[in-house]
Amino acid sequence: MNPDGWALIALEGLVVIGFIALGVRSGGVGLGLWGGVGTLILVFGFQLAPGEPPIDAMLIIIAVISAAAAMEMAGGIDYMVLVASRALRARPRALNFVAPYVSYLLCILTGTSNTFYSIVPVINEVAYASRIRPERALASSTVASAVGITSSPVAAAMATMLPLVEVQGYDLVDVLLITIPASVIGIFLMSLVMSRHGKDLDDDEEFQRRLSAGEIQPPSPPEQIQVKQYAKRSVAIFLGAVAVICLFGFVEDIRPQVPAEDGGTEPMSVTPIIQMVMLTAAALILVLCKVGAGSIPTSPIFRSGMVAMIALFGIAWMADTFIANNEEALVEALGSIAENYPFTIALAIFAVAALTTSQSAATRTMVPLGLALGIGGGYMIAMWTAVVGVLFLPANGTQIAAAEADKTGTTTLGKRVVDHSFQLPLQIAWISTALIGIAIVAIFGI
């Protein structure tokens with residue numbers, strides 16, 4: 001590409017980063033609104049074709065938040081907080097380790113990070129009630145849910161990866177023997193650092209300001225929580241829905257068959273199943289737990305979820321508009337760097353994932369290049385975990401949902417685009433996971 005073409009792409013990129021920064025400074029709904037303005041400028045000012053808004057992720061947020069809000073109005077959130085707080089009383093920092101592994105496991109079972117939305121409100125409420133800085137558990141769990149993609153047999157990125165390494169004699173078991181141990185250790189190291197990250201709530205200036213201003217209520221001691229009549233039933237319905245989603249995600253044969261592009265049939269994607277099951281769970285809570293439908297939009301969880309959806313709409317649409325029109329040039333540039341310096345392939349995978357916000361796209365474009373450069377299949381699998389780079393910019397739905405859920409202000413999307421709460425756990429997780437994976441391959445000869 002000629003210099004003028006690169007200058008234009010750079011200018012478009014500055015527009016994207018600039019409006020993300022404006023949105024982050026505005027916060028809440030403003031994030032989505034400024035993203036919409038950025039999309040308008042890219043389309044009308046730079047004549048780019050509009051990208052695809054993240055409709056699936058937005059619909060999942062609506063469905064999951066509806067079920068979580070119904071559970072909240074039935075007293076289910078309070079009940080879960082009470083149970084978890086009792087368990088954590090002896091070792092309150094355990095949440096900082098347990099929550100990321102739960103998120104990781106959910107992603108493995110369903111093949112998508114979208115299931116993380118279902119436990120965001122629970123992690124936040126348990127942390128707050130236990131007077132634990134919510135950022136520690138929320139940020140780590142968000143990253144862990146993305147890491148789970150490389151350990152999931154049913155993930156789209158795994159489906160993209162397997163044919164590429166099978167020609168070198170690697171099958172699914174070989175891939176998992178590298179990615180799962182490396183991820184488990186990497187998540188532990190990330191959680192260990194994050195468990196000590198940031199000030200405790202009692203010493204956090206922003207939290208104390210919000211508390212003094214009456215913007216948030218002080219956390220209630222667990223023993224003062226009054227459990228409503230149908231709280232346990234609502235929790236059972238909600239967790240049952242999560243279990244059903246995991247079952248459908250892991251066992252393709254029980255999914256309905258839908259038309260495939262080749263004229264045959266294929267198992268339905270997990271994405272619409274999440275939406276249907278969660279809406280059904282919300283309806284069951286309404287009927288079986290005596291919750292009025294009109295009360296759901298008034299719940300704090302519902303309000304924060306809707307704000308997250310609007311924020312995701314604008315920001316992700318703007319990012320997709322930029323990427324969809326420039327993906328070929330960006331990937332080609334990063335590919336040429338990796339070709340000249342083969343061991344930078346992990347950095348190239350991370351960068352492509354960050355720019356395209358797609359783990360599958362990063363796999364499809366960078367892994368074949370790494371293999372063609374002579375990097376062994378085992379080492380390529382270890383470095384493939386860099387696809388978690390999708391969280392480098394604060395434009396992912398899981399990041400936005402986690403930040404909006406945390407009313408203490410500890411989990412943020414940053415003020416300078418890259419200084420968000422997820423950056424530190426992201427860097428620890430992907431670097432340690434990749435290095436541990438490389439060590440596994442070298443030691444065990446996988």
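**Exercise 1. Work out whether R136 is buried or exposed, then find its salt-bridge partner.**

Solution. Start with the accessibility: R136 comes out at 5% relative accessibility, so it counts as buried, since the cut-off for buried is under 20%. Keep in mind that we're working on a predicted model here.

Next, look for the acid. D200 makes a salt bridge with R136, and the closest N and O atoms sit 3.0 Å apart. R136 belongs to helix α7 while D200 is in the loop between α9 and α10, so this pair ties together parts 64 residues apart in sequence.

Last step, check the partner: D200 has 41% relative accessibility and so counts as partly exposed.

**Exercise 2. Find which residue pairs with R131 in a salt bridge, and say where the two partners lie.**

Solution. The partner is D202, with an N to O distance of 2.7 Å. Now place them: R131 is in the loop between α6 (120-129) and α7 (134-147), and D202 is in the loop between α9 (172-194) and α10 (205-212). That makes it a link between distant parts of the chain, 71 residues apart.

As for accessibility, R131 is partly exposed at 41%, and D202 is partly exposed at 48%.

**Exercise 3. Name the residues that are linked with E215 in a network of salt bridges.**

Solution. Begin with one pair: the side chains of E215 and R209 meet in a salt bridge at 3.1 Å, N to O. Then widen the view, and you get a network made of E206, R209, R210 and E215. On accessibility, E215 is partly exposed at 47% and R209 is partly exposed at 40%. For the overall tally, the structure holds 9 salt bridges.

**Exercise 4. Describe the largest pocket: its volume, its lining and the element that gives the most to it.**

Solution. Volume first: about 1200 Å³. The lining comes to 41 residues, with T112, N114, T357, S358 and Q359 nearest the centre. Among the elements giving two or more residues are α3 (55-73), α7 and α8 (156-166). The top contributor is α13, with 4 residues. Sorted by class, the lining has 19 nonpolar, 17 polar and 5 charged residues.

**Exercise 5. Do the same for the second largest pocket.**

Solution. This one has about 810 Å³ of space. Of its 32 lining residues, E72, N124, E125, Y128 and P300 are closest to the centre. At least two residues each come from α3, α4 (76-88), α6, α13 and α17; α13 gives the most, with 7. The classes split into 19 nonpolar, 6 polar and 7 charged.

How values were computed:
Residues numbered from 1 in each chain as written. Predicted model: local features only at pLDDT ≥ 70, side-chain atom pairs only at ≥ 80, totals over all residues. Heavy atoms only, no water. Salt bridge = Lys/Arg side-chain N within 4 Å of Asp/Glu carboxyl O. Buried < 20%, exposed > 50% of the residue type's maximum accessible area, 1.4 Å probe, protein only. 1 Å grid on protein atoms, 1.4 Å probe; cavity = no way out; pocket = protein on both sides within 12 Å on 5 of 7 lines; lining within 4 Å. Points joined across faces, edges and corners; volume = space filled by probe spheres on them. Nonpolar A, V, L, I, M, F, W, Y, C, P; charged D, E, K, R; others polar.
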